[in-house]
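Work through the exercises below with the model open. Each task is followed by a stepwise solution.

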Amino acid sequence: MNSESFDPREPATGEPPDTGASRSGLTAEEQLSKAKEEAQKFRDNWHRAEADFQNYKRRTEQEREELRRFGNVSIIINLLPVLDDFERAFASLDSHLAGLSWFDGMLLIYRKLRQLLENAGVKPIETEGQAFDPRFHEAVAHVEGEEGKVVSEVQRGYKLHDRVLRPAMVVVGKGRQHEQGADSPKPEQRKTEEEQPQ
């Protein structure tokens, strides 16, 4: 065999191997700056992807927490009328029935139900004597009384943690009307009397 063996890895001529960069006509500095630009672009994309992932983790954690806190809302809302029925029943019973065993049993069930709801984060909304707040109260009537204050409660409202489950139905004061004597003319009458020529 010939002493000069052919190595397929080396080019047939004494020239350096031909790369795609030299074919495109880029210098080493241009190739380096292009590589740096691509590396920066990949790094920026990686930072954006990492930030998106952190936001996704935070959102899913918040959703999980919301689900844990408010997952039983539909069950709790359906239990509120039962609580209302207990309260109406106790309000309508005579006081002399208080010592009977069935009454005490019903009262115990009512207290357990209230305790269960309180442990779940359910609290009644304060009403009587409070300033009317449309976020927590629903006005069903207006009567004479201190203006803008809740005079009485028609149906109790409830909150679950910081959310309103059911607004309280309330009667709101519209202010006190000044009593006018039968002899004193109304403001409209006074005006017409003044306009008449004498």
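**Exercise 1.** Classify W102: buried, partly exposed or exposed?

*Solution.* This is a predicted model. Start with the number: the relative accessible area of W102 is 46%. Buried needs under 20%, and exposed needs over 50%. W102 is therefore partly exposed. Next, place the residue: W102 belongs to helix α4, residues 101-119. Last, look at its surroundings. W102 joins L100, M106 and I109 in a nonpolar surface patch. Together the four offer about 370 Å² of accessible area.

**Exercise 2.** Determine the strand order of the sheet that contains β4, then find the helix that packs on it.

*Solution.* The order is β1-β4-β5, in an open sheet with antiparallel pairing. The edges are β1 (122-124) and β5 (163-166), each paired on one side only. From one strand to the next, the twist averages 35 degrees. Now check one pair. β1 and β4 (residues 158-160) are antiparallel over three bridges. Within it, P124 has Y158 of β4 as its bridge partner. The packing helix is α3, residues 73-92, which touches β1, β4 and β5. The direction of α3 makes about 55 degrees with that of β5.

**Exercise 3.** Describe the sheet that contains β6.

*Solution.* Three strands run in the order β2-β6-β3, and the sheet is open with mixed pairing. Its edge strands are β2 (137-143) and β3 (150-155). Direction ignored, neighbouring strands are turned by 30 degrees against each other on average. Then take β3 with β6 (residues 168-173): four bridges link them in the antiparallel sense. One bridge check: E153 is partnered by V170 in β6.

Technical notes. Residues numbered from 1 in each chain as written. Predicted model: local features only at pLDDT ≥ 70, side-chain atom pairs only at ≥ 80, totals over all residues. Heavy atoms only, no water. Patch = residues over 30% accessible without salt bridge, like charges linked within 9 Å, V, L, I, M, F, W, Y side chains within 5 Å. Areas by Shrake-Rupley, 256 points an atom, 1.4 Å probe, with all protein chains shown as cover. Salt bridge = Lys/Arg side-chain N within 4 Å of Asp/Glu carboxyl O. Helix = DSSP H or I, 4+ residues; strand = E, 2+ residues; numbered from the N terminus. Buried < 20%, exposed > 50% of the residue type's maximum accessible area, 1.4 Å probe, protein only. Pairing = 2+ DSSP bridges. Axes fitted to C-alpha atoms, helices over the stretch in contact; angles between N-to-C directions. Contact = heavy atoms within 4.5 Å.
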